[in-house]
Each structure stands twice: as C-alpha cells, then as structure tokens.
Amino acid sequence: MVDLNLSSLSLLIISLIFIITFFLYNKSHSKTPTPQSYPLLGNLIGFIRNRHRFHDWVTDMLSATPSLTLQVTGFLHLSRGICTANPANVEHLLRSNFTNFVKGDRFYSVLHDLLGDGIFNVDGHLWSSQRKIASYEFNTRSLKNFISDTVKLQITSSLIPRLEAACDAGEIIDFQEMLRHFTFDNICSVAFGVDLEDLVAKSSFVEAFDYAVQRSSERFMVPVQMVWKLMRFFNVGSERKYKEAIQVIDGFAMDVIRFKEKKWELNQGDNDFSSEDLLSRFMGSTMDFGFRDQDEKRKFLRDIVISFVLAGKDSTSTALTWFFWLMSGHPRCKHLIYEELASAVPESENWLENFKYEELKRSHYLQAALSETLRLFPPVPINSRLTLRKDVLPDGTQVGKGWFADYSAYAMGRMERLWGPDCREYKPERWFDTDGIYQPVDQFKFTVFHCGPRMCLGKEMANVQMKVIAGAVMNMFEVEVVDGGGCASRMNDPPYTLSLLLKMKGGLNVRLKRREQEK
C-alpha cells in the first residue's frame with residue numbers, strides 16, 4: 001500500500017512538473033498569438049470547423065493579431081510553425097534570410113511523386129542550376145515575341161471560335177473549364193512546341209494531372225503525415241489511384257520528350273534555339289550537364305515538363321475566372337476596360353491582330369483590374385517554407401528549427417493595415433498614381449508572383465496571357481455570369497475550393513452575347 005501511494009505521488013509530481021514546464025514554455029513564447037489550441041489535438045478542431053472557408057479563417061485570425069503573425073500547432077504536436085501576413089516577415093523569409101527558409105523535406109516528400117526534382121520542389125544546387133537556365137531563357141526578346149505570337153494565334157484559331165459557337169447556340173458554358181483547357185493547350189505550345197492533336201494521351205493526362213494536384217493538396221492537409229505515407233506504402237485507397245495518375249502523367253511527359261528528340265534529330269547541327277519553345281531551349285542548355293545516360297536526361301526533362309504544366313496550366317485560367325466573376329458584379333469597371341480597349345485600335349481594324357505589345361503596356365485600367373483581381377484572389381493562396389535553424393522574425397516572432405513558415409497571399413490582400421479600410425472591396429483605381437498611370441506595389445506586400453530569388457520567372461508571360469485573353473474576350477463578347485457574379489455582397493464569402501490553387505467551386509457558368517448585338 002505504501003509503495004502504491006509513493007508511486008502515485010511520484011506520478012503526480014512528475015505530471016505537475018510537466019504541466020508547469022509546458023505552461024511556462026508557452027508563456028515565454030506568448031508574444032505571438034495562437035489560434036485556439038487543445039491538448040494533443042492542437043489547432044485541428046478549428047481547422048475542421050473552418051475547412052470550407054479555410055483562407056478566410058486564416059485571414060480573420062491574422063487580421064486580429066498586432067503583428068499579423070500566428071503560431072500554429074499541429075495534431076499531436078507533431079508539427080509546429082508560423083503563418084504570417086506581415087510584409088517585413090515575408091521579406092525576411094524570402095530574401096533577407098533566404099538560405100534558412102527552404103522548401104524542405106515536407107514539401108519535397110508531398111510533391112516528389114508529381115514534380116520530382118523540378119524547379120518548384122527542390123533547393124540548393126538542383127534549384128539554382130535550373131533557375132539559371134530558366135532565368136536566361138525567359139529574359140530573351142525572342143522568347144517574349146514567341147510567347148506573344150503564340151498566345152494571339154491560339155486565341156484566334158481556338159478560343160474565339162469556341163466562344164462564338166457557344167454564343168450562337170445560346171449555350172450556358174462553364175467558362176472556368178473552357179479557360180483551363182485553353183491555357184493547357186497554350187502552355188503546351190509555348191513550353192513544348194507541341195500540337196496536342198499529335199498526343200493521343202491528352203484527355204487522360206488532363207484528368208490524371210487534375211487528380212494528382214488535388215491529391216497532393218490533400219496530403220498537405222492530412223493531420224498526421226504518416227497516414228498518407230502508409231497508404232502509399234501499401235498502395236491502397238486514394239494513394240493507389242494517385243500512383244495510377246502519376247503513371248499517366250509520366251507517359252504524357254515522355255511522349256512530349258520523344259517528340260522533341262525526333263525533331264532534334266531532324267535538325268542535327270542546327271543549335272540555334274533562339275526562336276524555339278522553352279523545352280527546346282532547356283534541351284539545348286543541358287547538353288553539357290554530363291548525364292550518365294539517356295534515361296537520366298529524360299528523367300530531368302520529365303520533371304521540367306511537369307513543372308511547366310503546373311506553372312502554366314491552371315494559374316492563368318484561375319486568375320481569369322475570378323476576373324470575369326468580378327467584372328459581372330462591377331459593371332462600371334467593365335465599361336471602363338471596354339472603353340480603353342476600343343480606343344486602342346481603330347474601329348475599322350481587327351482588334352486582336354492590331355493590338356500590339358505597346359498597346360498592352362498602355363492598357364493601364366486593364367492591368368489595374370487584373371492586379372486587383374490577383375490581390376483578392378491569388379491563384380496560389382498560401383505558400384510554405386521550412387526553417388533550417390531557429391530564427392527571430394522582424395516582428396519579434398520566434399521560429400524554431402524544423403518549424404514550417406507559411407505566408408498567405410490571400411490574407412495579405414485582405415489586410416486593412418496594408419490596403420486601407422476598403423481592403424475587401426474591388427477597386428482597380430487603388431493601383432493608379434496621381435496621373436492615372438498604373439503603378440506596381442512592393443513585391444513583399446503583393447506576393448502573388450512570389451518574392452526574392454524565387455520570384456516567378458513567368459510573371460511577364462502570365463501578364464501578357466491574361467491581358468490578351470481578357471482583352472480579346474471583352475472586346476467581342478458581353479460575358480454574363482449566371483448567378484450574378486462577384487458583387488459586393490459576395491466578396492466576403494467567395495466560392496473557392498481548398499486546393500493548391502484557388503479554383504472556383506462549381507465552375508463559372510456564363511452566357512455570351514456578341515457586342516454587336518448591343519448596338
């Protein structure tokens with residue numbers, strides 16, 4: 001009986017010591033607020049309750065904190081980290097202390113099946129070598145001209161005829177889905193120089209790729225990462241389907257690479273890639289990489305192909321979907337854009353053929369309207385890094401070694417302290433200077449294209465695509481969103497899905513009417 005009492009007393013003392021230590025530890029780190037947390041469960045309950053409005057939940061919590069930064073605790077305390085909407089912290093993460101905040105093992109393990117060792121999934125030499133090649137190629141004038149010409153050609157030959165057919169038939173179409181298919185075709189032409197009619201696996205690839213992206217997002221959201229890893233090991237459930245999707249994706253990528261290799265063989269001796277697509281440029285730039293064999297080189301090129309698809313397939317179409325949703329709810333803005341477009345080209349001339357790059361740069365209201373769309377609805381709403389060494393952020397937040405460090409572009413666009421009391425309103429005019437000229441803002445406040453050394457190399461390409469597509473569609477059609485679109489009353493409850501990309505839930509159903517019918 002005495003031994004039992006002593007054992008119980010010892011257990012009680014140890015428990016009290018643990019509780020006091022835990023309390024003091026959390027108190028010493030309490031300068032940074034935390035969402036409601038529970039023993040063992042961490043922030044899981046809040047996540048489950050707000051899963052349907054995850055990004056707005058994060059925004060609400062961040063906007064209520066003095067530093068715009070939160071500490072986050074994972075399920076069973078297996079992970080810990082911070083989430084911030086503070087531009088000074090973002091600059092610290094992405095530029096000032098760039099080497100300490102990396103993609104890391106968590107990011108790499110989740111996305112490796114899909115992205116392999118592609119530029120978006122790696123750090124160190126693997127990243128810097130690909131970045132160096134891509135940076136050089138993206139800055140060549142020949143590539144910029146190639147991209148602009150390809151986008152305009154495909155709009156004329158593909159997108160506009162599809163829209164005209166739907167318009168004449170009086171159909172209601174899912175504009176998000178149509179834009180997604182168009183931007184996929186477009187990125188394949190720009191990045192690979194491939195006519196998709198030559199690739200029989202196109203439709204199965206699109207389905208497989210969409211599933212893989214969605215499943216990758218779900219992997220990030222699993223409270224215990226070991227769950228999906230065990231499912232992958234035993235090849236069961238959604239992980240089995242994911243593996244099958246990756247096989248389809250790999251087959252498509254290899255078809256593209258073999259297509260380019262055959263073209264390469266036909267043009268042996270001609271090493272001028274100045275007018276070629278991005279993949280050809282990479283193939284030319286990697287001749288001296290010293291691959292051990294053809295399979296190793298093809299694996300490298302496979303990861304490049306999939307990275308290009310991820311970057312270009314849905315990001316532009318997602319942004320444009322929200323743009324047209326907002327236009328339907330803001331007729332004044334839509335009218336001002338149309339007036340700007342109409343004045344750029346004489347009425348007697350073909351708008352698309354005569355709308356040159358210089359007119360794109362002078363379309364200040366269109367650019368402002370697109371930037372305002374991206375501010376409120378960034379295609380990649382949240383991004384994550386891993387901390388290699390413990391650190392202190394500019395706002396005083398302590399970050400431990402091995403912690404994740406997230407920054408939310410979605411939340412930053414809705415911070416009153418960054419954009420003013422009207423931050424949740426759609427106002428393209430906020431992007432103008434006193435002379436009515438479009439002015440970009442600091443990259444660490446507007447993080448849509450990321451920042452620092454990893455800033456998006458395709459930023460200009462994306463802007464060209466969005467401007468030309470939006471301009472061409474608005475010049476020819478009145479786009480009427482069936483459910484009324486993004487009016488002010490819906491801005492606080494936007495219909496998005498929880499995925500790697502901020503896609504619109506349920507699509508964007510629209511009717512089209514030729515502008516000539518309005519005259």
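Which helix holds L326? L326 sits in helix α14, residues 315-329; helices here are DSSP runs of H or I with at least four residues, strands are E runs with at least two, and both are numbered from the N terminus.

This is a predicted model, in which local features need pLDDT of at least 70 and side-chain atom pairs count only at pLDDT 80 or more, while totals for chains, interfaces and linings use all residues. Residues are numbered from 1 along each chain as its sequence is written, and side-chain values use heavy atoms, leaving out hydrogens and water.

**View 1. The whole chain, to get your bearings.** The chain has 21 helices and ten strands. Of its 519 residues, 52% are buried (buried is under 20% relative accessible area, exposed over 50%, partly exposed in between, with a 1.4 Å probe and protein chains only). Take the contacts with a separation of 6 or more: 75% of them join residues 24 or more positions apart (a contact is heavy atoms within 4.5 Å). The chain exposes about 24,400 Å², and carbon and sulfur atoms supply 56% of that area (Shrake-Rupley method, 1.4 Å probe).

**View 2. L326 of α14 and its surroundings.** L326 counts as buried because its relative accessibility is 0%. Beyond residues up to four places away in sequence, L326 touches T373, F377, Y426, G486 and M491. L326 also pairs up across the chain with G485: they are 159 residues apart in sequence, yet their C-alpha atoms are 6.1 Å apart.

**View 3. G486, a loop glycine that meets L326.** G486 belongs to the loop between β9 (477-481) and β10 (509-514). With a relative accessible area of 0%, G486 is buried. The C-alpha atoms of G486 and G329 are separated by 4.6 Å, although their positions lie 157 residues apart along the chain. Setting aside neighbours within four places in sequence, G486 contacts W325, L326, G329, H330 and M491.

**View 4. F323 and the largest nonpolar core.** This core has 135 residues, and the members touching the most others are L114, F175, F192 and F323 (a nonpolar core is a set of buried Ala, Val, Leu, Ile, Met, Phe, Trp, Tyr and Cys residues joined through side-chain atoms within 4.5 Å). F323 is in contact with I337, L366, A369, L370, T373, Y426, A470 and M474, not counting neighbours within four places in sequence. UniProt, in an unreviewed entry, places the feature "transmembrane region" at residues 6-25 and 304-325 (positions use the numbering given here, feature names are shortened, and annotations may be inferred rather than shown by experiment). Residues 304-325 are 91% helix and 0% strand, and their end C-alpha atoms lie 32 Å apart.

**View 5. The crossing of α5 and α11.** How do the axes of these two helices cross? The axes of α5 (residues 104-115) and α11 (residues 237-266) come within 9 Å and cross at roughly 45° (axes are lines fitted to C-alpha atoms, for helices over the stretch in contact, with angles from 0 to 180 degrees between N-to-C directions). The pair is therefore oblique (under 35 degrees is roughly parallel, over 145 roughly antiparallel, 65 to 115 roughly perpendicular, the rest oblique). V110, D113 and L114 of α5 meet Y242, I246 and I249 of α11. L114 is also one of the core members named in View 4.

**View 6. N235, a loop residue with positive phi.** N235 is not a glycine, yet its phi is about 55° and positive. N235 lies in the loop between α10 (225-234) and α11. Its relative accessibility is 30%, so N235 counts as partly exposed.

**View 7. C456 and H450, in the loop between α20 and α21.** An unreviewed UniProt entry lists C456 under "binding site". C456 is in the loop between α20 (416-419) and α21 (459-476), and its 31% relative accessibility is why C456 counts as partly exposed. Apart from residues up to four places away, C456 touches F449 and H450. H450 is in the loop between α20 and α21 too, and its phi is near 65°, a positive value in a residue other than glycine.

**View 8. A64, on the exposed side of the count.** A64 is found in the loop between α3 (54-63) and β1 (69-73). At 64% relative accessibility, A64 counts as exposed. A64 and M415 are 351 residues apart in sequence, and 9.7 Å apart in space from C-alpha to C-alpha.
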